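Visitor: I would like to learn how the words used for a protein structure are chosen. Could you show me one and talk me through it?

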Amino acid sequence: MTTLNGKVALVTGAVGGIGQAICAALRDTGARLALADLDKTALDETVDGLGPGADAAAFDVDLADDEQTTALPDRVRRHFGGLDVVVNNAGVRPIAPLLELSPAEWRKTLDIDLTAPFVLARAAIPGMLEQGRGKIINIASMAGQLAFQDRAAYCAAKAGLIMLTKTITLEYGARGIWCNAVAPGVVETPMTRAYFRSEQMRASIRANAPMERWAQPEEIARPVVFLSGTDSDYVNGTTLFVDGGWTAGKGY
Ligand SMILES: NC(=O)c1ccc[n+]([C@@H]2O[C@H](COP(=O)([O-])OP(=O)(O)OC[C@H]3O[C@@H](n4cnc5c(N)ncnc54)[C@H](O)[C@@H]3O)[C@@H](O)[C@H]2O)c1
């Protein structure tokens, strides 16, 4: 069982479906938690939901704003006295055919899904280097490897995030920085709520995932815990596909 006793983990998108599950799983390892998201009220509720035993604090931030994102690691360090793990989990995913996707929507998606993880890593790494070690986990998507129609900006951003993960490892892996990605398949969260209202979509997910089902957020959170702790100390620059086998190939 992974233990992160006393380590400080910052999770973005912490009030979302996967974010909440990651926070709960990290709490169970003894980590101290910095929850970051857009909305202070929702953050406070999520912190409360972690229970009285959790050492957790809320940090409201708009990750589309470079200045706010850059300032976030220092805010966390001021509160907790350190920062050991960063989970870049916040994300948005517009669905629109290419000709209906505006340049503004494209840029906003890249800002939140790709640029914010870069800006946050850039702000967090110097302190991690001083500490001698630090782990960054980027929540990518199987859509970063496998193209999906009507999701041009999202697929491009997540593919970029997988590459950013590798470049961080190349540049800082020898100096105590781990950067890995988790690439989920379809997970039942607010982001995908609409999918589950359509029987056609449910059938399509079953047909495409060799395991014939979608995931629950906890099934994404456990691999994140693995990549946050010392059990994964020889894992660096990789992307762990947590997709029920979806990207393994195509059957008949
Ligand atoms: N749900 C899935 O099927 C699935 C599949 C693959 C990858 N993912 C990825 O997992 C991550 C979490 O997704 P989820 O399903 O939990 O989605 P979600 O919509 O439940 O949560 C996303 C969170 O990100 C936050 N966020 C969005 N923009 C922000 C900003 N500008 N600043 C700060 N916070 C912001 C939202 O407020 C929200 O709490 C995302 O990166 C998503 O792309 C999800």
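Visitor: At what angle do the axes of helix 1 and helix 8 cross?

Guide: This is a predicted model, and in it the axes of helix 1 (residues 17-27) and helix 8 (residues 217-228) cross at roughly 50 degrees. The two axes come within 8 Å.

Visitor: Why are helix 1 and helix 8 called oblique to each other?

Guide: Set the angle of roughly 50 degrees against the cut-offs: roughly parallel needs under 35 degrees, and roughly perpendicular needs 65 to 115. The angle fits neither range, so the pair is oblique. The crossing is also right-handed.

Visitor: Which residues make the contact?

Guide: Helix 1 brings Gly 17, Ile 18, Ala 21, Ile 22, Ala 25 and Leu 26. From helix 8 come Pro 217, Glu 218, Ile 220, Ala 221, Val 224, Val 225 and Ser 228. These divide into 10 nonpolar, two polar and one charged.

Visitor: Now the cysteines. How do you know that Cys 23 is in no disulfide?

Guide: A disulfide needs two cysteine sulfur atoms within 2.5 Å. The closest cysteine sulfur to that of Cys 23 belongs to Cys 179 and is 18 Å away, so it is too far for a bond. Cys 179 is likewise in no disulfide, and a search of the whole structure finds zero.

Visitor: What makes Cys 23 and Cys 179 count as buried?

Guide: Buried means under 20% relative accessible area. Cys 23 has 0%, and Cys 179 also has 0%, so both count as buried.

Notes
Residues are numbered from 1 along each chain as its sequence is written. This is a predicted model: local features need pLDDT of at least 70, side-chain atom pairs count only at pLDDT 80 or more; totals for chains, interfaces and linings use all residues. Side-chain values use heavy atoms; hydrogens and water are left out. Buried means under 20% relative accessible area, exposed over 50%, partly exposed in between (1.4 Å probe, protein chains only). Axes are lines fitted to C-alpha atoms, for helices over the stretch in contact, and angles run from 0 to 180 degrees between N-to-C directions. Helices (H or I, at least four residues) and strands (E, at least two) are DSSP runs, numbered from the N terminus. Angles under 35 degrees count as roughly parallel, over 145 as roughly antiparallel, 65 to 115 as roughly perpendicular and the rest as oblique. A crossing is left-handed if the near helix is turned anticlockwise from the far one by less than a right angle, and right-handed if clockwise. Contact means heavy atoms within 4.5 Å. Ala, Val, Leu, Ile, Met, Phe, Trp, Tyr, Cys and Pro count as nonpolar, Asp, Glu, Lys and Arg as charged, and the others, Gly among them, as polar.
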